Amino acid sequence: MIDYFVQNLWMAWVLGSLLCLVLELINDDFFILCFSIGAAIAAIVAALTDSIAVQTIVFAVATVLSIFFVRPLALKYFHKGGESRLSNAEALIGRVGKVTEKIEAGGYGRVKIDGDYWKAQSVNNLEIQEGKTVRVLMLNSIIVTVEIA
């Protein structure tokens with residue numbers, strides 16, 4: 001039984017590599033990708049040798065080398081703009097949407113932006129009719145401040 005496990009350990013490395021790839025899809029940091037690369041290389045070594053120690057050492061070395069060489073290249077290529085890149089709610093500022101529920105003067109209404117509905121208020125407390133196109137100027141918690149575009 002142990003001989004069978006040792007001889008087919010490459011399958012465990014492949015599964016570990018695939019699991020790390022799936023986790024990387026959630027993370028988007030390219031850190032877990034390095035473990036996936038290490039596991040893939042360890043799978044190749046496992047197909048060539050039965051030594052678990054050699055496989056583990058190759059996994060560790062390949063992972064560390066990936067962290068120092070592959071990850072910086074991936075970050076540079078895929079995360080262009082670095083720190084200036086907007087994410088989540090910050091990316092709403094400047095977006096254009098449509099008023100779906102009239103924004104009352106000094107009150108609130110609803111705006112649809114990229115398929116999502118947001119509670120909205122006018123920048124000058126003016127009334128904005130339903131159907132008008134507006135631009136997001138500011139975000140305060142879950143309330144967007146808009147102006148007519």
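**A five-stranded barrel and its salt bridges**

Five strands close up into a barrel in the order 1-2-3-5-4, with mixed pairing. From one strand to the next, the twist averages 55°, with axes being lines fitted to C-alpha atoms (for helices over the stretch in contact) and angles running from 0 to 180 degrees between N-to-C directions. Strands here are DSSP runs of E with at least two residues, numbered from the N terminus, and two of them pair if DSSP finds at least two bridges between them. In general, the strands of a sheet pair through backbone hydrogen bonds, either parallel or antiparallel.

A word on the ground rules: this is a predicted model, so local features need pLDDT of at least 70 and side-chain atom pairs count only at pLDDT 80 or more, while totals for chains, interfaces and linings use all residues. Residues are numbered from 1 along each chain as its sequence is written, and side-chain values use heavy atoms, with hydrogens and water left out.

The chain is assigned domain 1 (1-81) and domain 2 (90-148), with bounds that come from an automatic or database domain assignment. Taken over C-alpha atoms, the centres of domain 1 and domain 2 sit 47 Å apart.

Back to the strands. Strand 4 (residues 133-140) and strand 5 (residues 143-148) run antiparallel and are joined by six bridges. Across this pairing, valine 134 faces isoleucine 148 in strand 5, and leucine 139 has valine 144 of strand 5 as its bridge partner. The two strands make a hairpin with two residues between them, and serine 141 in the turn takes a positive phi of about 60°.

Strand 4 is also antiparallel to strand 1, through three bridges. Here valine 96 is partnered with arginine 135 in strand 4, and lysine 98 stands opposite threonine 133 in strand 4. Strand 1 pairs with strand 2 as well, again antiparallel and over three bridges; in that pairing, valine 99 has valine 111 of strand 2 as its bridge partner.

Valine 99 turns up again in the packing. Leaving aside neighbours within four places in sequence, valine 99 is in contact (heavy atoms within 4.5 Å) with Arg110, Val111, Ile128, Gln129, Glu130, Gly131, Lys132 and Val134. Valine 99 also belongs to the largest nonpolar core, which has 12 residues: Leu92, Val99, Ile103, Val111, Ile113, Trp118, Ala120, Ile128, Val134, Val136, Val144 and Val146. At least two residues of this core come from each of strand 2, strand 3, strand 4 and strand 5. Apart from this core lies another one, of six residues, including Leu9, Ala39, Ala42 and Ala46. A nonpolar core is taken as a set of buried Ala, Val, Leu, Ile, Met, Phe, Trp, Tyr and Cys residues joined through side-chain atoms within 4.5 Å. Buried means under 20% relative accessible area, exposed means over 50%, and partly exposed is in between (1.4 Å probe, protein chains only).

Then there are the charged pairs. Searching the whole structure turns up five salt bridges, each a side-chain nitrogen of Lys or Arg within 4 Å of a carboxyl oxygen of Asp or Glu. One of them pairs lysine 102 with glutamate 104 at 3.8 Å, N to O. Lysine 102 also meets glutamate 127, at 3.8 Å, N to O. This second pair links distant parts of the chain, 25 residues apart: lysine 102 is in the loop between strand 1 (96-101) and strand 2 (109-113), and glutamate 127 is in the loop between strand 3 (116-122) and strand 4. Lys102, Glu104 and Glu127 are thus linked in a network of salt bridges. Lysine 102 counts as partly exposed because its relative accessibility is 29%. Glutamate 104 is partly exposed too, at 37%, and so is glutamate 127, at 39%.

On the barrel strands, arginine 135 and glutamate 147 form a salt bridge of 3.9 Å, N to O. Arginine 135 lies in strand 4 and glutamate 147 in strand 5, so the pair ties together parts that are 12 residues apart in sequence. With a relative accessible area of 31%, arginine 135 is partly exposed; glutamate 147, at 30% relative accessibility, also counts as partly exposed.

Methods:
Helices (H or I, at least four residues) and strands (E, at least two) are DSSP runs, numbered from the N terminus.
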